[in-house]
Amino acid sequence: MIPYSTQFIEEDDIAAVVDVLKSSHLTQGAKVEEFEAAIAEYVGARFCVAFNSATSALLGAYAVAEIGENDEIITTPISFVATSNMAIALGAKPVFCDVKTDGNIDESLIESLITPRTRALVPVDFAGKPVAIEAIKAIAKKHNLLVIEDSSHALGSGIGTQRIGSFADMTIFSFHAIKPITTGEGGAVVTNDEAFAQKLKLFRSHGIIKKQLWNSDMVSLGHNFRLTEFAAALGLSQLHKLDRFLATRNEIARYYDERFAGHKLFATIAIDADEQSARHLYPLLLSPALHCSKEDVFTELQTRGLGVQVHYKPIYQNSFYKERFGEQRLANTEHFYKSSLSIPCHQKMSMEDARIVADTVLEVMEHYSHRECSF
Ligand SMILES: *Cc1c(COP(=O)(O)O)cnc(C)c1O
């Protein structure tokens, strides 16, 4: 099975972890700081605060933005549930904005959703493709809102010469196993705001500041969301390879773009000329003629060894959301969900793997195109 994404761990990654395991210090310390400094430098932000997941990083970002009871955030339903879950965990309400054909939040619809309770705009760089961050920032500025960007797919993505992580008030990255680089589990918030960075550190570790000798003081409510030293060592080792990983993903994506160009049964998502994408996912968008065969196409591709996946079931369609916030249907989101199917694209694949994936996709799609849709 060629999975849609997977980690790529090499001998030097393992050696970096083993080194730390043999040392005297396993919990958050110098390696974490080194990893944070390297991430901040890579993305072009002043501060990076590492967490043990992007989920806890999102919770931290919302908490230090003082998002809470009766507040609203405007976000996208085409994301992993953690993006909105963590706002709900603080008592806030996620307001879902419809998406564009590339799966990113439709910035032209955001303003109509702003209420006196809105506190932050939370876009997600879906699949690694940058959102229209300048337009989103302009809306935020006009209405005095924060921009908290969930860039869990997008470490290494950028616009022009600027990398994602340098645009928003706070940007979240994930280092989950299958994200652009991994620490096993892990995440981070990057920001240019020193006060946010300080508060994030307190939130991550019990709200405790060290004083003199044995004396410490707990000044705010915090958690234990720290990353281990060996995870940070893995992250550092992986970060050195990120540009190579991105080059591989982009080479595969370009190959798919060529093989699939102008296909009548499905489309692909183009990356603008001035943008770079981490290509965390390579989604195909099935034409309506294939929508009713999507389950069969999915099963057939899986049977033939392609670990395809669908990103994402719209968040508002989950039972918890329906029960708490009622039924919702956003037209483009529904259409996107019916169309999208992520095929394998990751740094562990060879170009020969990519050729097999493309051949298989073309064959299977062709096979199901002869089926009649019953609706
Ligand atoms: C993976 C992911 C998360 C959660 O990341 P974890 O590190 O697994 O907590 C959040 N948002 C998006 C968009 C993701 O893809």
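1. The ligand occupies the second largest pocket. A pocket here is an open set of points on a 1 Å grid over the protein atoms alone, with protein on both sides within 12 Å along at least five of seven lines. To sit in one, a molecule needs more than half of its atoms within 2 Å of its grid points.

2. On provenance: this is a predicted model, where local features need pLDDT of at least 70, side-chain atom pairs count only at pLDDT 80 or more, and totals for chains, interfaces and linings use all residues. Residues are numbered from 1 along each chain as its sequence is written, and side-chain values use heavy atoms, without hydrogens or water.

3. The ligand has 15 residues around it (a heavy atom within 4 Å). Thr 55, Asp 150, His 153, Ser 174 and Lys 179 come nearest. By class, 4 are nonpolar, 9 polar and 2 charged. Asp, Glu, Lys and Arg count as charged, and Gly is among the polar ones.

4. Now the polar contacts (N or O pairs within 3.5 Å). The side chain of Asp 150 places an N or O atom 2.7 Å from a ligand nitrogen. For Ser 152, the side-chain distance to a ligand nitrogen is 3.4 Å. Lys 179 has a polar side-chain atom 2.9 Å from a ligand oxygen. The protein buries 93% of the 380 Å² that the ligand exposes when taken alone (Shrake-Rupley, 1.4 Å probe).

5. The disulfide count is 0, using cysteine sulfur pairs within 2.5 Å. Cys 48 is buried (under 20% relative accessible area) at 7%. Cys 97 is buried too, at 1%.

Key:
Polar contact = N/O pair within 3.5 Å; in protein donor to acceptor, adjacent residues only side chain to side chain. 1 Å grid on protein atoms, 1.4 Å probe; cavity = no way out; pocket = protein on both sides within 12 Å on 5 of 7 lines; lining within 4 Å. Buried < 20%, exposed > 50% of the residue type's maximum accessible area, 1.4 Å probe, protein only.
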